[in-house]
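Student: I have the sequence and the model open side by side, and I would like a close look at one chain, from its backbone details up to its contacts. Please take it step by step and connect the pieces as you go.

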Amino acid sequence: MELTGAEILVRSLKEEGVKHLFGYPGGAVLHIYDALYQQEDIKHVLVRHEQAATHAADGYARSTGKAGVALVTSGPGATNAVTGIATAFMDSIPMVVITGQVFTNMIGNDAFQEVDSIGITRPCVKHNFLVKDVADLAETIKKAFYIATTGRPGPVVIDLPKDVTAAKAEFNYPKEISMRSYSPVVEGHMGQIKRAVTMMLSAQRPIFYTGGGVVLGRGAAELTELVQQLNYPVTNTLMGLGAYPATDKQFLGMLGMHGTYEANMTMHHCDVLIAIGARFDDRVTGNIEKFCPHAKIIHVDIDPSSISKNVKVDVPIVGSVTNVLQEMIAMLKEGDKKPDEQALGEWWKQITEWRGADCLKYDTESGKVKPQQVVEALYRETNGDAYVTSDVGQHQMWAAQYYKFDKPYRWINSGGLGTMGFGLPAAMGVQFAHPDATVACVTGEGSIQMCIQELSTCLQYGLPIKIVALNNRYLGMVRQWQEFFYDGRYAMSYMDALPDFVKLAESYGHVGMRIDNPADVDGAMEEAMKLKDRLVFMDFVTDSEENVYPMIPAGAGLNEMILV
Amino acid sequence: MENETGALSRVAGLFSARGYNIESLTVAPTEDPSLSRMTVVTSGSEEIIEQITKQLNKLIDVVKLVNLSEDEHIEREMALIKVKAVGEAREEYKRLADIFNGRIIDVTEASYTIELTDSGDKIVEFIAAINADQIIEIVRSGVSGIARGEKSLHA
């Protein structure tokens, strides 16, 4: 039977197992909305801005490992979605975004709500497609999901002209797809893995440095097994938190610009660095000239272009993290060589000394609400088991430092692009994926206002998100840099004329709380968590000049941290 | 690469977005109309070339990539060179074209257009041999390359 393009799209999404679609209607996608209206398998979530549609789909993907799906109209619908697409691209998040387009015969004529969506999104997608013939639609959707979810994942855009959604074709959804130009390497090279294992075992001062690739590649269990098998220290990047249990004694915390002293010192002094699913980002390495000066480096990554991009490595292994880790575990079990116990003992002794610096301690006697205290209260009150999204800035770092993630898929933040406004819509996506879970959005008074309109979406769908706003009346990270590097000239970093967030939350039908006394923090958090069915906006009036420590200033090495 | 609309802009966009040099780029369909073949001439350190190779391979439309410079290969480029040709210069350009195996393909009372197909280096040499103020205009096709011997992109 012949179906319209719109019906083919909806049927194809069903075939892909899509349950939720985050979107916003408009002229070019009216046929698609009509087809969605006439079915019940896919729930369409109406956001209040297209940026939120992409962030929500992104949050859905980050908390499940499945592709998130967004649907927006042509022109401004597509351009509003770009920030969310770029956010997903930088963090390698599987996502399929369908953008409406003007009629094929109008393309290029500056038609109403026309924009070159393919051209605009090209540099921030894994791939994109313009479908000009309805006969190609089903296969294109199959390819889009295949590309988005395999290899190094990423967003894929399908640009769909309005006439294609009305035209008819036979519907045959391909069961399998293979592409001559795309077949990601999964299995690591056995010779290289063997070299890596030998190098690992020869280490006197080893460390595992692992990133978002371990989460995305579903390798958390394997990583944990391997690290514990060897009794080596491990640090995670901002994107990699949760891939190794943060409460385990071998975990040194996050590394990098605002990483722990022990993680960065262990990195700096190591002799064998085992990098897995991480990309040597500038926020991690500090000054590249001073990075791990004594280390031989092993690097496992599914994307060959990540290897030796910023830092030259000694043993590169291209392959799926899980696959390579399994091979390493097996090889270690079969072999009779063990790590050098004596060297390792001394190494741990040194690390314990570094830990003694207690770099995350903060002033608890100030009489002001400290942001760190709020995150710790959130951690306790949720038993460390919440899904936590964040926006971007100081609060993001405090959440990463003080919420100890024991499981992957729990920490959801825009690490690469650093997109303010991400937290709340991402939390919506997470809540749809995990309706019974506690979802908290740690944010600031700056970030939350970038997608504040989504409080309306949360009301419409009854999403009981717990918003933890660390309100210091400043764009805190900007202010911190201005304090350190611009002699305290706080240009445009003070947030004047803030709304009353309690009333704001209430006007959207939610619960608002303001907490300005440190003694009230725990009680407020407990009360908020008890309101299981309600969105609670907790406005914590925090110490306005608190800084994120430790910190590596620009140009410095990992061993040159500023402690408190 | 796949002979798809936009494939060329993906390559061009990659070079500009990542700040790589692009000296010339030629592209046309192959014996298989679903595939285009592109020859890109670029420059950079060993690390940069390695990154360019990896980044190009990552493009979904790229089917196969070979670094021709790593092996024996042939480069050919065509140039059309229009020069002022009056008086003694007419004879001189004729001789010069012969030496370089070029052909004069258009003649007027005051100009020649010379076609030259050779490696990029030879074309540069030829242009250098002509007095700069005698040149009216030059158009170069960019380099096309192919491996020597039986080797091909297919195998």
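Tutor: A good place to begin is A:Pro550, which sits in the segment after strand 20 (536–541) of chain A. The peptide bond that joins A:Tyr549 to A:Pro550 is cis, with omega at about -10°. Please keep in mind throughout that this is a predicted model, and that the backbone angles discussed here belong to that prediction. As background, most peptide bonds are trans, and most residues other than glycine have a negative phi.

Two further residues of the chain deserve a look for their phi values. A:Tyr409 is not a glycine, yet its phi is positive, near 70°, and A:Asp487, also a residue other than glycine, has a positive phi near 50°. A:Tyr409 is found in the loop between helix 16 (394–402) and strand 16 (411–412) of chain A, while A:Asp487 belongs to the loop between helix 19 (476–485) and helix 20 (501–507) of chain A. Their surroundings can be read from the neighbour counts: A:Tyr409 is buried because 21 C-beta neighbours lie inside 10 Å, whereas A:Asp487 is exposed because it has 7 other C-beta atoms within 10 Å.

From these loops we can turn to the way the chain is divided, since the assignment for chain A gives domain 1 (2–170), domain 2 (190–355) and domain 3 (371–541). The centres of domain 2 of chain A and domain 3 of chain A, taken over C-alpha atoms, are separated by 31 Å. To the contact between them, domain 2 of chain A contributes 13 residues and domain 3 of chain A contributes 12 residues. On the side of domain 2 of chain A that touches domain 3 of chain A, nine residues are nonpolar, four are polar and none is charged.

Strand 9 (residues 206–210) of chain A is mostly covered, with five of its five residues buried. Both of its faces are covered, for A:Pro206, A:Phe208 and A:Thr210 on one side, and A:Ile207 and A:Tyr209 on the other, are all buried. Strand 9 of chain A pairs in the parallel sense with strand 12 (residues 272–276) of chain A over five bridges, and there A:Phe208 stands opposite A:Ile274. Strand 9 of chain A also runs parallel to strand 10 (residues 234–236) of chain A, joined to it by three bridges, and in strand 10 of chain A the bridge partner of A:Phe208 is A:Val234.

Another set of strands in chain A forms an open sheet of six, in the order 3-2-4-5-7-6, with parallel pairing. Strand 3 (43–46) and strand 6 (127–130) of chain A stand at the edges with a single partner strand each, so one side of each has no neighbour in the sheet. On average, neighbouring strands of this sheet are turned by 20° against each other, direction ignored. Within the sheet, strand 2 (residues 20–23) of chain A and strand 4 (residues 68–72) of chain A run parallel and are joined by two bridges, with A:Ala70 in strand 4 of chain A as the bridge partner of A:Phe22.

Finally, chain A touches chain B, in a contact that takes 12 residues from chain A and 15 residues from chain B. The side of chain A that touches chain B is made up of five nonpolar, four polar and three charged residues.

Definitions and conventions: Residues numbered from 1 in each chain as written. Chains lettered and ligands numbered in written order. Predicted model: local features only at pLDDT ≥ 70, side-chain atom pairs only at ≥ 80, totals over all residues. Contact = placed C-beta atoms within 7 Å. Nonpolar A, V, L, I, M, F, W, Y, C, P; charged D, E, K, R; others polar. Domains from an automatic or database assignment. Buried ≥ 20, exposed ≤ 12 C-beta atoms within 10 Å, placed from the backbone. Helix = DSSP H or I, 4+ residues; strand = E, 2+ residues; numbered from the N terminus. Pairing = 2+ DSSP bridges. Axes fitted to C-alpha atoms, helices over the stretch in contact; angles between N-to-C directions.
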